[in-house]
Amino acid sequence: MDRTPEGARAQQTGSTANTRNTGRRTDHRWWILVVIGIAQLMVVLDATIVNIALPSAQRALGFNDANRQWVVTAYALAFGSLLLLGGRIADIVGRKVVFLAGLAGFAAASAVGGASQSFTMLVVSRAAQGLFGALLAPAALSLLTTTFTDARERAKAFGIYGAIAGAGGAVGLLLGGVLTEYLDWRWCLYVNLIFAVGALLGGAKLLHGGAPKDRPQLDIPGTLLVSAGLFCIVYGFSDAETHSWGSVLTWGFLVVGVVLVALFGWWERRAVHPLLPLRVVLNRNRGASYLAMFISGAGMFGVFLFLTYYLQGILGYSPVKTGLAFLPMVAVMIVVSVVTTNALLPKLGPKPIVPVGMGLAAAGMAWFTALDVTSGYPAHVLPPLLVTGLGLGLVFAPAMNVATSGVEPYDAGVASAMVNTCQQVGGSIGTALLNTLATSAASSYLVGRKPTRRVLAESQMHSYTTAFMWSAAFFALGLVITVFLYRKGVPRGIGEAPAAAGA
């Protein structure tokens with residue numbers, strides 16, 4: 001494996017840092033954060049905003065329930081399987097170019113999706129959104145990593161970015177509800193043009209290239225292995241939502257996916273220019289952060305997805321009222337994320353913070369299991385919602401910060417891509433598992449009971465309770481893993497330039 005000599009690396013680090021501290025980028029770094037935040041919000045909320053619009057889109061375009069999942073799955077497949085490639089392309093080509101290309105492509109795909117006249121056109125546009133999102137998301141995070149080098153400023157920036165990443169799903173529910181109820185389902189896609197134009201104009205003016213001088217070469221075998229492997233895994237879990245786990249397609253894709261990812265790990269140890277250098281993931285703190293993002297990505301769908309079902313199906317909330325119900329949690333996540341990364345992480349390190357966040361999220365999800373068909377929002381939904389938001393605020397921003405700290409400039413893109421990959425794949429797996437478990441619980445509840453209106457409502461409630469319980473179990477597992485994996489103390493690289501500490 002080719003490595004830069006230590007002396008040359010130190011000289012390059014100093015030169016890079018000086019460039020960052022004297023150039024236009026540093027002068028406008030907070031405006032750069034606004035640009036990056038808008039792009040990140042656009043990508044994250046797109047995972048949920050379309051869910052609200054799906055029933056209306058289905059009526060307009062005339063596709064059936066069996067095909068409905070592909071509007072969501074097409075995005076998840078392209079996004080999840082191509083993120084690592086997108087991160088490496090950002091390292092090779094330059095982060096500004098890839099960031100702007102991702103923005104422009106995402107906007108164009110959104111415009112096509114909004115104008116769709118058929119189911120096929122909508123699904124293809126969603127896949128294109130996922131492809132360009134896989135370019136955009138890692139480029140955005142690596143730009144944030146290389147722009148903010150001061151310890152306190154970096155903490156504030158990651159607090160805001162982490163809050164956006166965690167709360168974007170809830171924002172998507174609110175925005176989707178407003179647009180669908182008062183305008184048209186197509187505006188759930190057209191709205192991305194508004195985000196993209198602002199970010200494009202700001203990015204073109206404020207950002208610099210961001211590609212290191214010693215650019216890595218593209219690992220084509222590794223790219224093919226991991227992209228195909230992640231595709232198979234995401235597809236397998238997505239297929240489980242509509243078919244049984246015993247389906248050949250389901251377990252067949254999962255087995256092939258696991259084998260391909262294992263082969264990818266074997267190849268990366270031997271590749272001269274690996275797509276994902278093992279030095280990036282074998283650092284204990286960084287590896288713990290990736291697992292934290294994966295587990296929280298899986299678990300948080302318990303609150304975003306099934307609490308949405310509960311509020312609309314049991315309490316009879318409109319889409320707009322449902323979105324508004326999530327706002328207190330979003331506010332808590334934003335405040336906690338900023339305070340944690342600014343005041344706590346530089347003093348304590350991630351070990352006490354992220355495990356406590358996992359524990360609080362687990363407690364919040366377990367609290368949701370007390371809901372029933374007679375529960376009300378202020379007394380029964382709001383308290384666990386706030387506890388869950390507090391927990392997620394303690395997880396997302398610190399984990400993202402630690403996952404991208406101390407990374408060499410030529411690894412910044414792929415390290416950032418791993419954050420998004422873990423969250424996206426975790427979300428896909430969590431959604432499939434929770435949906436399957438919830439559906440099975442509802443069916444089991446109805447066995448031997450007369451399907452009256454009340455019994456059907458109670459069976460739905462039982463399915464939601466099951467999903468909340470399993471989400472709590474996910475977060476409890478995250479608590480155990482992060483307690484054991486995170487090292488005590490503040491990791492090298494927190495608040496420093498990306499190249500200031502080794503991986």
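Me: How should I read burial in this structure, and is Ser375 buried or exposed?

Reply: Ser375 is buried, with a relative accessible area of 8%. The general scale calls a residue buried under 20% relative accessible area, exposed over 50%, and partly exposed in between, with a 1.4 Å probe and protein chains only; accessible areas come from the Shrake-Rupley method, also with a 1.4 Å probe, and for residues only the protein chains shown count as cover. Please keep in mind that this is a predicted model, in which local features need pLDDT of at least 70 and side-chain atom pairs count only at pLDDT 80 or more, while totals for chains, interfaces and linings use all residues. Residues are numbered from 1 along each chain as its sequence is written, and side-chain values use heavy atoms, with hydrogens and water left out.

Me: Where does Ser375 sit, and how far in space is Leu315 from Ser375?

Reply: Helices are DSSP runs (H or I, at least four residues), as strands are (E, at least two), and they are numbered from the N terminus. Ser375 lies in the loop between helix H16 (350-368) and helix H17 (377-404), and its C-alpha atom is 8.2 Å from that of Leu315, although 60 residues separate the two in sequence.

Me: Which residue is paired in space with Val425, and is Val425 buried or exposed?

Reply: Val425, which belongs to helix H18, counts as buried at 7% relative accessibility, and its C-alpha atom lies 8.2 Å from that of Ala76, with their positions 349 residues apart in sequence. Ser238 in helix H9 is likewise buried, at 5%, and its C-alpha atom is 8.3 Å from that of Gln69, which is 169 residues away along the chain. Phe294, in helix H12, is partly exposed at 29%, and a C-alpha separation of 8.1 Å relates Phe294 to Thr421, 127 residues away in sequence.

Me: How do I read empty space, and how many cavities of 30 Å³ or more does the search find?

Reply: Rolling a probe the size of a water molecule over the atoms shows where empty space is left. On a 1 Å grid over the protein atoms alone, a cavity is a set of points where a 1.4 Å probe fits but cannot get out, whereas a pocket is an open set with protein on both sides within 12 Å along at least five of seven lines, and lining residues have an atom within 4 Å of a point. Grid points are joined across faces, edges and corners, and a volume is the space filled by probe spheres set on the points. Here the search finds one such cavity, and the largest cavity holds about 40 Å³ of space. Its lining includes Val50, Ala53, Trp185 and Cys188; helix H3 (29-61) and helix H8 (187-206) each supply at least two lining residues, and H3 gives the largest share, four residues.

Me: What is the chemical class of that lining, and what is the volume of the second largest pocket?

Reply: Ala, Val, Leu, Ile, Met, Phe, Trp, Tyr, Cys and Pro count as nonpolar, Asp, Glu, Lys and Arg as charged, and the others, Gly among them, as polar. On that basis, the cavity lining has nine nonpolar, no polar and no charged residues. The second largest pocket has a volume of about 550 Å³, and of its 21 lining residues the closest to its centre are Leu230, Val261, Leu276, Met418 and Cys422. H18 contributes the most to this lining, with five residues, and the lining is made up of 17 nonpolar, three polar and one charged residues.

Me: How many salt bridges are found, and which residues form a nonpolar patch on the surface?

Reply: A salt bridge is a side-chain nitrogen of Lys or Arg within 4 Å of a carboxyl oxygen of Asp or Glu. The whole structure has one, between Arg454 and Glu458, whose closest N and O atoms are 3.2 Å apart. Because they are four residues apart in helix H19 (residues 453-485), about one helical turn separates them; Arg454 is exposed at 55%, while Glu458 is partly exposed at 24%. Patches are made of residues with over 30% relative accessible area and no salt bridge, like charges being joined within 9 Å and nonpolar side chains (Val, Leu, Ile, Met, Phe, Trp, Tyr) within 5 Å. Val248, Trp251, Val255, Val259, Leu263 and Trp266 form a nonpolar surface patch with about 610 Å² of accessible area together, and of these Val255 lies in helix H10 (residues 248-268) and is partly exposed at 46%.
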